[in-house]
Amino acid sequence: MDKIEFLILNNLVNNEEYLRKVIPFLKDDYFEDTNQKIVFQEIASFVEEYNEMPTKEDLYIEVDKRKDINEDVYKHIPVSYTHLRAHETRHDLVCRLLLE
């Protein structure tokens, strides 16, 4: 069974009606996992700036712009949750978080 945080993120990027209804009520504090928090922050920021649902490509670009994260952060994430492999980049991780 998927965690509620994952279900929220999945719907935020795949269901515009859901996005419009819930984004005003969500806070990044609701996401305990650092990677989920980063994805949520980028979704919320994109919606605030452009008033549109971000595509996965938009999220790749926004995550890549961040200065507060690096590849080493992702190498220390528990494999059991993210299934992160040593050769993967943060783009791979974001993609998997969105597609799982």
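**A friendly note on this all-helix model**

1. Let us start with one residue: Asn51 is found in the loop between H3 and H4. Please keep in mind that you are looking at a predicted model. Asn51 has a positive phi of about 55 degrees, even though it is not a glycine. Most residues other than glycine have a negative phi, so this spot deserves a look on your screen. Asn51 is also exposed, with a relative accessible area of 51%. The cut-off for calling a residue exposed is over 50%.

2. Now step back to the whole chain. How many helices and strands does the protein have? The secondary structure comes to 7 helices and 0 strands, and reading along the sequence gives the pattern α-α-α-α-α-α-α. Of the protein's 100 residues, 37% count as buried. If you take the contacts between residues at least 6 apart in sequence, 53% of them join residues at least 24 apart.

3. Next, look at the two helices on either side of the Asn51 loop. Two packed helices are described by the angle between their axes and the distance between the axes. For helix H3 (residues 34-50) and helix H4 (residues 56-65), the axes come within 10 Å and cross at roughly 110 degrees. That makes H3 roughly perpendicular to H4, because angles of 65 to 115 degrees fall in that class.

4. Which residues meet where H3 touches H4? From H3 come Ile38, Glu42, Ile43 and Phe46, and from H4 come Asp58, Leu59, Glu62 and Val63. Sorted by type, the residues of this contact are 5 nonpolar, no polar and 3 charged. Try picking them out in the structure and colouring them by type.

5. On to charge pairs. Side chains of opposite charge can pair when their charged atoms come close. The structure holds 2 salt bridges. One is formed by Glu16 with Arg20, where the closest N and O atoms are 3.0 Å apart. Glu16 and Arg20 are 4 residues apart in helix H2, so about one helical turn separates them. Both ends are partly exposed: Glu16 has a relative accessible area of 39%, and Arg20 has 33% relative accessibility.

6. Another salt bridge joins the side chains of Lys21 and Glu17, with 3.0 Å from N to O. Lys21 and Glu17 also sit 4 residues apart in helix H2, which means that about one helical turn lies between them. Are these two residues buried or exposed? Lys21 is exposed, at a relative accessible area of 53%, and Glu17 counts as exposed at 54%.

7. Compare those pairs with Glu5, whose place is in helix H1 (residues 4-14). Glu5 is buried yet has no salt bridge. The nearest side chain of opposite charge belongs to Lys3, 4.6 Å away. Since a salt bridge needs a nitrogen within 4 Å of a carboxyl oxygen, that distance does not qualify. What does Glu5 touch, leaving aside its neighbours within four places in sequence? Glu5 is in contact with Tyr30, Phe31 and Gln36.

8. A last stop is Lys27, which lies in the loop between helix H2 (16-22) and H3. Lys27 is partly exposed, with a relative accessible area of 48%. Along the chain, Lys27 and Ala44 are 17 residues apart, and their C-alpha atoms are separated by 8.9 Å.

Methods:
Residues are numbered from 1 along each chain as its sequence is written. This is a predicted model: local features need pLDDT of at least 70, side-chain atom pairs count only at pLDDT 80 or more; totals for chains, interfaces and linings use all residues. Side-chain values use heavy atoms; hydrogens and water are left out. Axes are lines fitted to C-alpha atoms, for helices over the stretch in contact, and angles run from 0 to 180 degrees between N-to-C directions. Angles under 35 degrees count as roughly parallel, over 145 as roughly antiparallel, 65 to 115 as roughly perpendicular and the rest as oblique. Contact means heavy atoms within 4.5 Å. Ala, Val, Leu, Ile, Met, Phe, Trp, Tyr, Cys and Pro count as nonpolar, Asp, Glu, Lys and Arg as charged, and the others, Gly among them, as polar. Buried means under 20% relative accessible area, exposed over 50%, partly exposed in between (1.4 Å probe, protein chains only). Lys and Arg count as positive and Asp and Glu as negative; His and the chain ends are not counted.
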